[in-house]
Every structure is written in structure tokens, then in C-alpha cells.
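Work through the exercises below with the sequence and the 3D structure open. Try each task before you read its solution.

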Amino acid sequence: MVPVPADPLEMRDVLSILDDLVAFPSVALTPNVDLIYHIEGLLRPHCTAIVLSHDETATKANLFATIGPAVDGGIMLAGHSDVVPVDPDDWDTPPFTATRVGDRIFGRGTADMKGFVACVLALVPRWAALDLVRPVHVALTFDEEDGFHGAPILIDSLADAPRPSSAIVGEPTGLQVVGAHKGCYEYTTRVTGMNGHSSQPTEAVSAVHHATRWIGGLLGLEAELVDRAPADSRFEPPHTTTNVGVVGGGLARCTVAADCEFEWEMRPVQGTDASFVKDRMAAVEASLLAEMRSVHPEAAIETEAVCEIDGLEWAEDSPALDLMRALLGGDPPVGVVAYGTEAGLYQAAGIPSVVWGPGDIAVAHRPDEFVEVADLEACVAVLARLGDQLTR
Ligand SMILES: [Zn+2]
């Protein structure tokens with residue numbers, strides 16, 4: 001398909017909208033309602049419905065807007081409103097001011113992912129002016145960058161909303177279509193034993209020793225996880241991995257440790273692997289606890305989930321991939337990536353999803369983050385074609 005140039009007026013809108021979005025320092029875990037209300041104000045004249053869903057403090061909000069008829073089968077354009085923190089000393093330009101230098105726009109979130117959001121918002125008036133038979137939805141979340149707290153609340157808020165037939169999650173992929181990513185499940189486990197003198201270990205319960213046995217059980221699953229990898233896995237390595245990244249506990253060499261805490265993760269290539277690991281570790285834990293409690297009934301092993309982000313599982317016949325083929329023309333290459341996105345959560349909620357957006361993931365989360373103006377132009381030109389999909 002011959003690339004259609006972006007409309008110059010729409011590009012002017014993209015850049016001015018991006019200026020405004022970057023100026024909101026919507027760092028993850030801090031309030032984002034000012035930004036969401038600003039975006040709601042831009043959308044309101046063009047939308048048939050806007051649903052806001054808040055966290056329990058009401059200082060953070062998700063937005064789900066509908067342009068066109070309130071029917072199933074629309075296309076959801078999804079992003080997060082938050083950004084990662086900055087240290088201004090590391091930046092050559094002010095991080096919360098979109099600054100154009102040559103063909104690049106610098107600023108926190110320009111790539112990840114306010115650039116995509118600006119493209120979408122600039123196109124809303126165009127879509128609203130069409131006689132759409134299926135809607136465009138704009139979905140924006142909070143706290144994606146730290147725990148993915150917003151998306152599950154947004155998904156819950158859509159129980160009575162029209163059901164999109166596919167979603168494009170506009171993370172920075174350099175405009176390459178991404179059809180799968182591993183999940184990311186992060187945990188902190190705390191082991192509580194009973195201290196004592198190391199010369200009398202049978203009269204105490206070492207939290208460190210039991211923690212190492214728990215960790216040994218986790219690491220011992222590797223061969224089975226290798227065996228469980230789907231034959232057509234597109235990931236490298238192809239199987240689910242686990243990692244224990246931090247361990248701490250105990251007081252001194254001659255003391256039986258009463259406490260031990262460790263931080264660990266798994267990156268499942270398929271949802272069933274996550275339940276496999278949990279089931280196996282529940283059995284390991286039950287036998288450790290039985291031993292520990294025979295000496296000290298208050299002994300405990302407690303695991304706190306920091307986040308459980310579903311992977312985006314490969315689906316060759318995904319309507320979302322078909323959509324990208326229609327928008328891009330032909331049969332574009334479809335890749336996989338190593339980072340997690342909200343696409344896995346949307347897929348798990350029944351909305352087939354792909355990841356595709358302007359900007360380079362390599363500059364995201366770093367000082368001097370930028371997006372190329374050419375990427376924004378190409379993004380606008382491709383998304384503008386959604387109108388063709390939704391008017392027939
Ligand atoms: Zn992102």
C-alpha cells in the first residue's frame with residue numbers, strides 16, 4: 001500500500017496536543033486526574049460516551065471514550081497516561097516540556113507513550129465527522145508503569161460498554177507490529193521462623209534455611225518449564241523463566257535467622273505456566289510449613305504479589321493482526337518483544353490486541369527520551385485509515 005501522508009493540519013494538532021500532554025508531569029503512582037480531565041475536555045465534543053473510572057483515592061483515573069455508535073465491534077486505541085520518573089539533572093532539555101530539536105521531539109513520555117495518544121486525539125475530529133457504523137474507542141489508564149494498577153479497573157468499568165473487536169496498544173514499537181510478549185509476575189516472599197543459638201538449631205526454625213529450600217524448589221522447576229514451552233514458541237528463550245533477584249535475612253553468623261525475605265519473578269510464555277509454578281510452589285511451601293510449625297506454630301511463609309501481568313499470547317488468526325494487515329497493507333512482519341504491556345490484560349479480557357506505536361523502546365524510561373516527528377506522521381497516516389474500516 002502506498003503510504004498516505006499525514007494531513008498537515010492534523011500534524012499541527014498532534015504537535016500541539018503533545019506539547020500539552022508532556023506538560024502534565026503524570027509520573028506513575030502520582031495523581032493523573034488533571035491530565036485525564038484535560039483529555040476528556042478535548043474529547044467531549046466528539047464522543048457519544050466517556051466513562052471515567054477511578055482508584056479508591058479518586059486522584060487517579062482511567063478514561064474510555066466512544067466515538068460513533070455504541071455498538072460492539074469497534075476498534076480500541078489504548079495507552080497509558082502515566083510516565084516513569086525523571087531526574088532533571090540528567091536531561092539536556094526540560095523533561096516536562098516537549099522540545100523540538102531538528103526532527104525529534106524530546107520530553108518525558110514523548111515515546112512512551114504520549115506521542116501515540118496525541119496522534120489518536122488529533123484524529124478524533126476526523127473520525128467523529130464520518131458516518132461510522134462501528135465505533136472508535138480511546139482507552140487511557142493510570143499507573144501502567146508501576147504495577148499496571150489502572151487497566152484492571154478500566155476493564156471492570158466496561159461491563160456494560162460496547163465490546164471492541166480488537167485493540168491497538170500504542171507502546172513504542174518503532175511502528176513494528178508486535179503480536180506477543182511474555183507475562184511478568186513479580187512477588188515478594190517473607191519467611192518467618194524463630195531465632196535461636198546456632199549451636200542448638202533443632203530448637204529454632206531458620207527462616208534463611210527454609211527460604212533457600214523454597215528458592216531451590218522454584219529454581220528446580222526449570223527443566224519442566226523448558227519441556228512445557230510450546231513447540232512454536234516465538235520467544236528467546238522459548239520457555240517461561242524465573243529469577244530470584246534479591247534475598248535478605250538473618251542477623252549474624254552464629255544466630256538462627258528468624259526472618260528472610262526475597263524478591264522474585266517469573267516471565268510466563270503461557271498463562272498455564274503461571275498456574276503450574278504456583279501449584280508446584282504451593283506444594284513445596286506446604287511441606288516446608290509443616291516442618292517449621294512442628295517446632296514453632298507461628299512460623300509462616302507469605303507471598304505478596306507486586307504485579308501479575310498477563311503475557312500477550314500469540315494468536316495467528318487474531319482479528320487485531322488482521323486489522324493491522326488492513327491498515328498497513330500486505331503482510332507486515334509481526335514480532336515479539338521482551339517487555340510487558342497492557343495488551344495481555346486486554347487479550348485476557350476478551351479483546352484481541354496487538355502492540356504498535358511510534359517511538360523507540362530503547363529511548364523510553366531514559367533521560368532525553370524523544371520521538372521522531374516522522375514516526376508521528378506515519379502513525380497519524382496509518383490510524384487515519386481506521387475510518388475506512390469502520391464506515392462499512
Ligand atoms: Zn509504556
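The exercises concern a predicted model and go from the whole chain to single residues.

**Exercise 1. The whole chain**

Describe the chain by its secondary structure, its extent and its burial.

Solution. Step one is to list the elements: the chain has eleven helices and 17 strands. Step two is the extent: along the principal axes, the C-alpha atoms fill a box of roughly 80 × 45 × 40 Å. Step three is burial: of the 392 residues, 51% are buried. Step four is the surface: about 16,800 Å² is exposed, and carbon and sulfur atoms supply 53% of it. Step five concerns contacts between residues at least 6 apart in sequence: 81% of them join residues at least 24 apart.

**Exercise 2. Charges**

How many positive and how many negative side chains does the chain have?

Solution. Count each set: there are 24 positive and 58 negative side chains. Then locate the centre of each set: the two centres lie 3 Å apart.

**Exercise 3. The zinc ion**

Find the protein donors of the zinc ion and classify the site.

Solution. First, name the donor atoms: NE2 of His80, OD of Asp112 and, listed twice, OE of Glu171. Their distances from the zinc ion run from 1.9 to 2.7 Å. Second, read the spacing along the chain, which is H-x31-D-x58-E. Aspartate 112 sits in helix α3 (residues 110-128), while glutamate 171 sits in the loop between β7 (166-169) and β8 (177-181); the pair is 59 residues apart and links distant parts of the chain. Third, check the cover: aspartate 112 and glutamate 171 are both buried. Fourth, look at the angles among the four donor atoms, which span 54 to 136 degrees. A tetrahedral site needs all angles between 85 and 135 degrees. The site of the zinc ion is classed as irregular.

**Exercise 4. Buried or partly exposed?**

Decide whether histidine 210, phenylalanine 262 and aspartate 322 are buried or partly exposed.

Solution. The cut-off for buried is under 20% relative accessible area.

- Histidine 210 belongs to helix α5 (residues 207-219). Its relative accessibility is 10%, so histidine 210 is buried. Its contacts beyond four places in sequence are Val191, Val205, Leu288, Glu291 and Met292.
- Phenylalanine 262 belongs to strand β13 (residues 259-267). Its relative accessible area is 0%, so phenylalanine 262 is buried. Beyond four places in sequence, its contacts include Tyr187, Val191, Trp214 and Val247.
- Aspartate 322 belongs to helix α8 (residues 319-328). Its relative accessible area is 42%, so aspartate 322 is partly exposed.

**Exercise 5. Backbone exceptions**

Which residues are joined by cis peptide bonds, and which residues other than glycine have a positive phi?

Solution. Start from the general rule: most peptide bonds are trans, and most residues other than glycine have a negative phi. Next, look at omega. A cis bond joins aspartate 112 and methionine 113, with omega about -5 degrees; methionine 113 is in helix α3. Another cis bond joins glutamate 236 and proline 237, with omega also about -5 degrees; proline 237 is in the loop between α6 (222-228) and β11 (241-249).

Then look at phi. Phenylalanine 148 has a phi near 55 degrees and lies in the loop between β6 (136-141) and α4 (150-157). Leucine 175 has a phi of about 65 degrees and lies in the loop between β7 and β8. Last, check their burial: phenylalanine 148 is buried at 12% relative accessible area, and leucine 175 is buried at 16%.

Methods
Residues are numbered from 1 along each chain as its sequence is written. This is a predicted model: local features need pLDDT of at least 70, side-chain atom pairs count only at pLDDT 80 or more; totals for chains, interfaces and linings use all residues. Side-chain values use heavy atoms; hydrogens and water are left out. Helices (H or I, at least four residues) and strands (E, at least two) are DSSP runs, numbered from the N terminus. Buried means under 20% relative accessible area, exposed over 50%, partly exposed in between (1.4 Å probe, protein chains only). Contact means heavy atoms within 4.5 Å. Donors are N, O and S atoms within 2.8 Å of the metal (3.2 Å for Na, K and Ca); water is not among the atoms, so sites may look incomplete. Four donors count as tetrahedral if all angles lie between 85 and 135 degrees; four count as square planar and six as octahedral if opposite donors are over 155 degrees apart and all others between 65 and 115; anything else is irregular. Accessible areas come from the Shrake-Rupley method with a 1.4 Å probe; for residues, only the protein chains shown count as cover.
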